[in-house]
Amino acid sequence: MTPWNCPNCGAPAHVYPGQTVATCTYCKQSFPLAGSAPTPPPQPVQPIIVIAPGEPSPRSFPMPVRRNAGVGIVSALVPLIIFGVVGFFVYSGLRTGGLVAGGWNGSEPLVCGGNDSVEATGVTVTYASGAGINAGGNCHVKCTRCSVKGPIGVVAGGNAEVDLFDSRIEAPQAVVAGGNAHVRMLGSSSVVGQIMKSGNADVTAPPGTPTLGAPPTPTAPPVPPHRSTR
């Protein structure tokens, strides 16, 4: 059978080979087939999309993207790697001078300056050279039950403040203070060595601790013996 379309209504009609006249099964109209060519079958009608004003265009919606699982894992690990690297360098920076997160662990001499604030408890150290505690600038050091032994115990300058509670300093030069520094040995603290200070420095040490650099105590001039004359 060959597909034909009715010239009257356009409905498809089936024509057998050798047939010269066909009758439409829908409108019952007969039509000759001589000189006519088979009409191609109708194509499916494409739907027409009408977009009302103010509505987004279908093309404006993002197309779904299929993510690779490996890329997602790497993206999740990148922040963790960055956080780990930054944390490592921050921790390493705080360790400089024996400092760990604002405290002193005694692995190295304590060195602080600027507006640093350092606290330590129960640190016992012995150094072969240098000073155990070095404070300058506006640094504030608070050490409780600490023991420092070496050539120099505490060096303080600038506006530094060093407070030692129930601690022991054992050094030939126990405390060397200058500028406007304040070093206070409080509680049951003890000092074995000399205190050296200059400028406006102030050192509070246990009674009996020898101090160098303090102004001499003024004494009254001797009074000549009284002689009476007649």
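A181 is buried, at 0% relative accessibility. In this predicted model, A181 sits in the loop between β15 and β16. Beyond residues up to four places away in sequence, A181 touches A156, G157, G158, A160, N200, A201 and D202. K197 is 16 residues from A181 in sequence, and their C-alpha atoms are 9.3 Å apart.

A further buried loop residue is S189, with a relative accessible area of 8%. S189 lies between β16 (182-186) and β17 (190-197). Its side chain makes polar contacts with backbone oxygens. The backbone oxygen of L186 is 2.6 Å from a polar atom of the S189 side chain. The backbone oxygen of L164 is reached at 3.2 Å. Leaving aside neighbours within four places in sequence, the contacts of S189 are L164, F165, D166, S167 and P206.

L164 also belongs to the largest nonpolar core, which has 31 residues. Together with W104, V154, V162, V175 and V183, L164 touches the most other members of that core. Strand β15 (residues 168-177) gives this core its largest share, four residues. A second, separate core holds nine residues, among them A11, A22, F31 and L33.

The protein chain as a whole contains one helix and 19 strands. Of its 230 residues, 26% are buried. The exposed area is about 15,700 Å², of which carbon and sulfur atoms supply 61%. Among contacts with a separation of 6 or more, 16% join residues 24 or more positions apart. One pair that falls at a separation of 23 residues is V118 and V141, with C-alpha atoms 4.9 Å apart. V118 lies in strand β8 (residues 117-121) and is buried, with a relative accessible area of 2%.

Two disulfides were found in a search of the whole structure. Counted along the chain, the bonded cysteines pair as 1-2, 3-4. C112 is joined to C139, with an S to S distance of 1.8 Å. This bond links distant parts of the chain, 27 residues apart. C112 is in strand β7 (residues 110-112), whereas C139 is in the loop between β10 (131-135) and β11 (140-144). Both cysteines are buried. The C112 and C139 link is left-handed, with -90 degrees about the S-S bond.

The other disulfide joins C143 to C146, at an S to S distance of 1.9 Å. Its torsion about the S-S bond is about -95 degrees, so this disulfide is left-handed. C143 is buried, at 1% relative accessibility. C146 is likewise buried, at 4%.

C9 and C24 are not bonded to each other, because their sulfurs are 3.6 Å apart, too far for a bond. For each of the two, the other holds the closest cysteine sulfur. Their surroundings are as follows: C9 is partly exposed, at 40% relative accessibility, whereas C24 is buried, with a relative accessible area of 1%.

Confidence varies along the chain. The mean pLDDT is 74, and 61% of the residues reach 70 or more. Strand β14 (residues 161-165) has the highest confidence, at 95. Helix α1 (residues 69-95) has the lowest, at a mean of 51. Over residues 85-97 the pLDDT is below 50, and this stretch has twelve contacts in the model beyond near neighbours in sequence. Residues 214-220 are also below 50, with one such contact. Where pLDDT is low, the predicted coordinates should not be read in detail.

Note on methods
Residues are numbered from 1 along each chain as its sequence is written. This is a predicted model: local features need pLDDT of at least 70, side-chain atom pairs count only at pLDDT 80 or more; totals for chains, interfaces and linings use all residues. Side-chain values use heavy atoms; hydrogens and water are left out. Helices (H or I, at least four residues) and strands (E, at least two) are DSSP runs, numbered from the N terminus. Buried means under 20% relative accessible area, exposed over 50%, partly exposed in between (1.4 Å probe, protein chains only). Contact means heavy atoms within 4.5 Å. Accessible areas come from the Shrake-Rupley method with a 1.4 Å probe; for residues, only the protein chains shown count as cover. A polar contact is a pair of N or O atoms within 3.5 Å; within protein, one must be able to donate a hydrogen and the other to accept it, and residues adjacent in sequence count only if both atoms are side-chain atoms. A nonpolar core is a set of buried Ala, Val, Leu, Ile, Met, Phe, Trp, Tyr and Cys residues joined through side-chain atoms within 4.5 Å. pLDDT is the predictor's confidence in each residue, from 0 to 100. A disulfide is a pair of cysteine sulfur atoms within 2.5 Å.
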